[in-house]
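Please open the model in your viewer and keep the selection panel at hand. The stops below are meant to be taken in order.

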Amino acid sequence: MLRADLLQLYGRLHRHGMMIGSSGNVSARAGAGMLITPTGCDIDSLAADHMVEMSLAGAAIGLRRPSSEWEMHAAIYREHPDAQVIVHTHSDHATALACLGRPLPAFHYNVLTFGGPDIRCAPYVTFGTPELAALASAAMAGRRGCLLANHGMIVHGRDVADALTSALLLEAMCKQYLLALAAGGPRLLNETEIAQAIARFGTYGKQPENLS
Ligand SMILES: [Zn+2]
């Protein structure tokens, strides 16, 4: 069931234009380990039983090789107990902002739903490395997503639907922020406005589908 859910999530991300070719990958916590899309996966031939089962230390079960970014997923599951599903994409607007090496500031109150007053941008290091895994997981401290400099973005959620929503929301907010930057630069929420928005949400980090 989890394998089929991951396949559906991967397909939905493609249909939303969030992934091009085999860039991007998804995973789900499974027992003490995880299930993750295979390396170089092709959306047209990918099947549920192609998902690679592996431990969070990197031991894969089966013949297929996991995504080259498996270490980034494993580090997040190890260090973020609330992470159940992870989406990593090179979606256009998140990647464009990440290429500026900038965090996403509190230009809109929905930024706060990711857990704090900004969505951080992890420094650039080579893809597929343990260094990237550590930097991405650290940039997500207290957050459910981050940008990856000169690379893309990564988010986690409590289930498949939540992770999809977070990925789409982060991409939309990066687009809105870039538009505002191009139009002269947005006014950012001040500390009082941030505190008032958090109080309005009721709970810091409440999920976006419950927000107006
Ligand atoms: Zn990537």
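The tour goes from the sheet to the helices, and the model throughout is a predicted one.

Begin by selecting the strands and colouring them one by one: 8 strands form an open sheet, and reading across it gives the order S4-S3-S2-S1-S5-S10-S9-S8, with mixed pairing. At the edges you will find strand S4 (60-61) and strand S8 (121-122), each of which pairs on one side only.

Next, select residues 25-30 and residues 33-36, which are strand S1 and strand S2; these two pair in the antiparallel sense, over 4 bridges. To see one pairing in detail, pick Ala28, whose bridge partner in S2 is Leu35.

Now add helix H5, residues 160-182, and turn the view until the strands behind the helix can be followed. H5 lies across strand S5 (85-89), strand S9 (145-148) and strand S10 (152-157), and its direction runs at about 145° to that of S10.

Keep H5 displayed and select helix H1, residues 2-15, whose axis comes within 10 Å of the axis of H5 and crosses it at roughly 20°. Because of that angle, H1 counts as roughly parallel to H5, and the crossing of the two helices is right-handed.

For the last stop, show side chains where the helices meet: H1 contributes Asp5, Leu9, Arg12 and Leu13 to the contact, while H5 contributes Val160, Leu164 and Ala167. What is the character of the residues in the contact of H1 with H5? They divide into 5 nonpolar and 2 charged, with no polar residues.

Notes. Residues are numbered from 1 along each chain as its sequence is written. This is a predicted model: local features need pLDDT of at least 70, side-chain atom pairs count only at pLDDT 80 or more; totals for chains, interfaces and linings use all residues. Axes are lines fitted to C-alpha atoms, for helices over the stretch in contact, and angles run from 0 to 180 degrees between N-to-C directions. Angles under 35 degrees count as roughly parallel, over 145 as roughly antiparallel, 65 to 115 as roughly perpendicular and the rest as oblique. A crossing is left-handed if the near helix is turned anticlockwise from the far one by less than a right angle, and right-handed if clockwise. Two residues are in contact if their C-beta atoms, placed from the backbone, lie within 7 Å. Ala, Val, Leu, Ile, Met, Phe, Trp, Tyr, Cys and Pro count as nonpolar, Asp, Glu, Lys and Arg as charged, and the others, Gly among them, as polar. Two strands pair if DSSP finds at least two bridges between them.
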